[in-house]
Amino acid sequence: MAFEPPQRLVRALGESAPDGDDWVERLPETAEQAVALHELTVERVQVPGGRSSLVVLVRRPDGTPAVLKLAPARARPESERAALAHWDGRGAVQLLEPFAAEGVLLLERLHPDVSVRSLPEAKALLEAAGALRRLWVEPPGDHVFETVAERTGRQAAVMRGASAEVAGLVSAALDARESLLAAPPEERLLHGTFRQSKVLSGVRSPWLAVGPDPVVGECAFDLARLVRDRVEDLIASPSGAATTRRRIKRLAESLEVDQERLRGWTLFRAVESGVRALRVGRPKDAELLLEFAGWL
């Protein structure tokens, strides 16, 4: 079959590499090679799919349903492979072929169209938080994962070049980062990009995490992205600011994370995402994120 990349993926990769590369052009051939190598039967390409990879629903030679995931190097698929291998199915999707070709992951099939986000908000937060807790394990002793300090350091360097109109928020976010990194309370393997849509319904477990961009650091960093889930609903609500504060308190207490540290990382991550949205030409997303950050 023709492996046509979804437009959502094409647009997102264009934002992350505006000068372009040839990964998208090579994608049909790469997918065909992976399908042939693993003797897979293709069902369909998942649409709209993700923003950093092509996801193809397939069956293995014995008929077992699986997922073939192909991602460019800048999406760090080898880091994802290492994290999934370390979790070994505990709280996350199972890696089926640990030694597949570079940039190619063969994964357990979950229910791709049923995420925690489909649940009512309070239930969704509870289930998502429970799934996240299972991922917070000691990293391998010889790990090569990026650290929170390293990742946020790269992000901070870009944020410093933001326009004057967001200078106040950027300054507050950078100050929060510096304070938080001065005394991190623990070092755990983190999902890195966790949110409700990253938790899918499974067969062997009700909910399992997918799509990590793993990083090593404190748990509050991982939880921070979950705080702003459904941000468009929060902004539209007259009680959005109060709801956000209650959400921080509830999540911090339920996962035994320091509330102020969670607030600080939520601020940094919201401002970083807002500045990035401005930079790549998504002003509406930026407006939502920066208004949310202003509540913190």
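Let me begin with how this chain is connected: among its contacts with a separation of 6 or more, 70% are between residues that sit 24 or more positions apart. Please keep in mind throughout that this is a predicted model, and that every value I mention is computed from it.

For the overall picture, the chain holds 11 helices and nine strands. Its radius of gyration is 19 Å, close to the 19 Å that the globule rule gives for 296 residues, so the chain is as compact as a globular protein of that length. If you take a box along the principal axes, the C-alpha atoms fill roughly 55 × 40 × 40 Å. As for the surface, the chain exposes about 13,900 Å², and carbon and sulfur atoms supply 52% of that area, while 50% of the 296 residues count as buried.

Let us turn to the interior. In soluble globular proteins, nonpolar side chains tend to be buried together. Here, the largest nonpolar core has 68 residues, and within this core Leu223 and Leu262 touch the most other members. Which residues does Leu262 touch, once those up to four places away in sequence are set aside? The list runs through Ala220, Leu223, Ala224, Val227, Ile248, Leu251, Ala252 and Val257. There is also a second, separate core, made up of 19 residues, and it includes Leu9, Trp23, Val58 and Ala66.

Several of those contacts of Leu262 lead us to helix α7, which spans residues 219-227 and is mostly covered, with nine of its nine residues buried. Among these buried residues are Leu223, Ala220, Ala224 and Val227, but also Asp222 and Arg225.

Helix α6 offers another view of burial. This helix, residues 167-182, is 16 residues long and reaches 23 Å from its first C-alpha to its last, close to the 22 Å expected at 1.5 Å a residue. Its buried residues are Val170, Ala173, Leu174, Ala176, Arg177 and Leu180. Why do we speak of them as lying on the same side of α6? They cover an arc of only 160 degrees around the axis, and that is what puts them on the same side of the helix. Those buried residues pack against α5, at 148-159, and α10, at 259-279, whereas on the other side of α6 we find Gly168, Glu178, Ser179 and Ala182 exposed.

I would now like to walk through a few individual residues, starting with two that are buried. Ala129 lies in helix α4, residues 121-135, and with a relative accessible area of 5% it counts as buried. Leaving aside neighbours within four places in sequence, Ala129 is in contact with Leu226, Leu251 and Leu255; of these, Leu226 is one of the buried residues of α7, and Leu251 is also touched by Leu262. Ser53, by contrast with a helical position, is found in the loop between β1 (41-45) and β2 (54-59). Ser53 is nevertheless buried, with a relative accessible area of 6%, and, not counting residues up to four places away in sequence, it touches Leu9, Lys69, Leu70 and Ala71. You may recall Leu9 from the second core.

Is Asp113, in strand β5 (residues 111-115), buried or exposed? Its relative accessible area is 56%, which is why it counts as exposed, the cut-off being over 50%. Even so, Asp113 touches Arg44 and Gln46, again not counting residues up to four places away in sequence. In addition, Asp113 and Leu200 are 87 residues apart in sequence and 7.8 Å apart in space, C-alpha to C-alpha.

Finally, two residues deserve a look for their backbone angles. Arg76 has a positive phi of about 55 degrees although it is not a glycine, and Asp88, which is not a glycine either, has a positive phi of about 50 degrees. Arg76 has its place in the loop between β3 (65-70) and α3 (77-87), and Asp88 is found in the loop between α3 and β4 (104-108). As for accessibility, Arg76 is partly exposed, with a relative accessible area of 30%, and Asp88 is partly exposed as well, at 44%.

Definitions and conventions:
Residues numbered from 1 in each chain as written. Predicted model: local features only at pLDDT ≥ 70, side-chain atom pairs only at ≥ 80, totals over all residues. Heavy atoms only, no water. Core = buried A, V, L, I, M, F, W, Y, C linked by side-chain atoms within 4.5 Å. Buried < 20%, exposed > 50% of the residue type's maximum accessible area, 1.4 Å probe, protein only. Contact = heavy atoms within 4.5 Å. Helix = DSSP H or I, 4+ residues; strand = E, 2+ residues; numbered from the N terminus. Expected span 1.5 Å × (residues − 1). Arc of directions from axis to C-beta. Rg over C-alpha atoms; globule rule 2.2 N^0.38 Å. Areas by Shrake-Rupley, 256 points an atom, 1.4 Å probe, with all protein chains shown as cover.
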